[in-house]
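Good morning, and thank you for coming. Please take a moment to look at the sequence and the model before I begin.

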Amino acid sequence: MSAIKRILVTGGAGFLGSHLCERLLEQGHDVICLDNFFTSQKSNVLHLLSNPNFELIRHDITTPIFLEVDEIYNLACPAAPGHYQFNPIKTMKTSILGAIHVLGMARRCRARVLQASTSEIYGDPEIHPQPETYRGSVNTLGPRACYDEGKRAAETLFMDYHRHNGIDIRLIRIFNTYGPRMHPFDGRVISNFIRQALSNEDITIFGDGTQTRSFCYRDDLIEGMIRMMNQETNFIGPVNLGNPHEFTIRELAELVIELTRSGSRLVYQPLPADDPTQRQPNIDLARKHLHWEPTIELREGLLKTIEWFRSIRLSDYRPPTPKY
């Protein structure tokens with residue numbers, strides 16, 4: 001077994017963060033989960049509290065915290081449009097101040113630090129699929145800019161700390177990811193569709209449904225994230241992590257109706273401002289440097305996600321934004 005590390009996961013009680021904490025604990029590491037519980041749920045990590053290697057801290061990463069750690073996974077930031085637009089100034093602060101604080105900790109502790117960046121930095125892309133060399137097409141004044149530009153600024157901070165202070169960094173760009181423990185009211189297309197289908201409500205499609213997305217199941221994404229943190233070459237990224245198989249939003253809605261055996265109908269509403277019409281990762285670098293690519297097909301992943309949605313009580317989840 002590899003050496004036991006003390007690992008900090010910011011945003012560790014969130015959808016992806018809680019699964020990452022699980023995986024790291026399974027590997028025998030000491031895990032510190034830090035979260036302010038703005039969009040996450042204590043229930044996501046409740047089963048981990050009895051593990052002596054797990055520690056939960058309620059803290060907002062926009063203010064400094066001093067911990068002794070070997071590695072940091074920086075996942076702290078609302079990631080769904082409904083969440084990050086709820087308080088856009090706070091979203092920007094979380095990305096920028098959060099990056100400064102974890103990078104300062106990494107410098108002091110000589111820790112390796114991974115930044116969970118996003119495909120949103122590509123904006124509404126003019127190149128398809130998107131390679132890491134693409135610099136993006138982002139509206140700096142639009143309603144999504146708080147997240148897009150916050151993450152872009154965080155990448156800049158990571159690279160400057162790496163160049164000027166020698167910080168050991170890793171940069172990943174996460175594309176659409178789904179699976180159990182998604183917040184049912186996060187405004188993401190998969191959680192919206194499943195929630196509506198299970199209630200036999202009309203399924204709301206924004207736009208004409210021909211816009212595309214690529215959906216990666218959470219287990220595949222976590223595997224890629226850990227591989228990126230642990231690889232010992234000179235490759236620091238950025239690297240795209242996502243599923244390269246592309247689907248239209250209408251195809252996704254029809255598949256959700258089929259798998260839930262729902263009587264829902266499709267209804268259409270105008271496309272929100274700056275919503276990308278295409279989103280598909282080029283994962284050549286992930287294949288080359290991490291020997292990684294997704295293995296779980298959309299149908300299989302959706303079945304697991306639908307099963308989890310059937311098991312929860314929606315009343316246990318607080319919609320932090322108006323419902324769609």
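I shall begin with one pair of strands. Strand β1, residues 6-10, runs parallel to strand β2, residues 30-35, and five bridges join them. Strands, and helices likewise, are DSSP runs numbered from the N terminus: a helix is H or I with at least four residues, a strand is E with at least two. Two strands pair if DSSP finds at least two bridges between them.

Before going further, a word on the model: it is predicted, so local features need pLDDT of at least 70 and side-chain atom pairs count only at pLDDT 80 or more, while totals for chains, interfaces and linings use all residues. Residues are numbered from 1 along each chain as its sequence is written, and side-chain values use heavy atoms, with hydrogens and water left out.

Within this pair, Arg6 stands opposite Asp30 in β2, and Leu8 has Ile32 of β2 as its bridge partner. In a regular strand the side chains alternate between the two faces of the sheet. How many residues of β1 are buried? Four of its five are, so β1 is mostly covered; buried means under 20% relative accessible area, exposed means over 50%, and partly exposed lies in between, with a 1.4 Å probe and protein chains only.

Let us now widen the view to the sheet. It is open, has seven strands with parallel pairing, and follows the order β3-β2-β1-β4-β5-β6-β11. Why is one side of β3 and of β11 left without a neighbour in the sheet? Strands β3 (54-58) and β11 (239-241) stand at the edges, and each has a single partner strand. From one strand to the next, the twist averages 20 degrees.

Helices pack on this sheet. Helix α1, residues 15-26, touches β1, β2, β3, β4 (71-74) and β6 (169-174), and its direction makes about 170 degrees with that of β1. Contact here means heavy atoms within 4.5 Å. The axes are lines fitted to C-alpha atoms, for helices over the stretch in contact, and angles run from 0 to 180 degrees between N-to-C directions. Helix α3, residues 88-109, lies across β1, β4, β5 (112-118) and β6, and runs at about 170 degrees to β4.

Next, please find Phe193 in helix α5. Phe193 counts as buried, at 1% relative accessibility. Leaving aside neighbours within four places in sequence, its contacts include Ile203, Thr204, Ile249 and Leu252. Phe193 and Ile257 are 64 residues apart in sequence, yet their C-alpha atoms are 8.3 Å apart in space.

I turn to the backbone in the loops. Which residues are joined to Pro129 and Pro238 by a cis peptide bond? His128 is joined to Pro129, with omega of about -10 degrees, and Gly237 to Pro238, with omega of about 5 degrees. Pro129 is in the loop between β5 and α4 (145-165), whereas Pro238 is in the loop between α6 (218-230) and β11.

A positive phi also appears in residues other than glycine. Asn200, in the loop between α5 (189-198) and β8 (203-206), has a phi of about 55 degrees. For His291, phi is near 50 degrees; His291 lies in the loop between α8 (284-290) and α9 (298-311), and is exposed, with a relative accessible area of 64%.

Finally, Leu49 is found in the loop between β2 and β3 and is partly exposed, at 45% relative accessible area.
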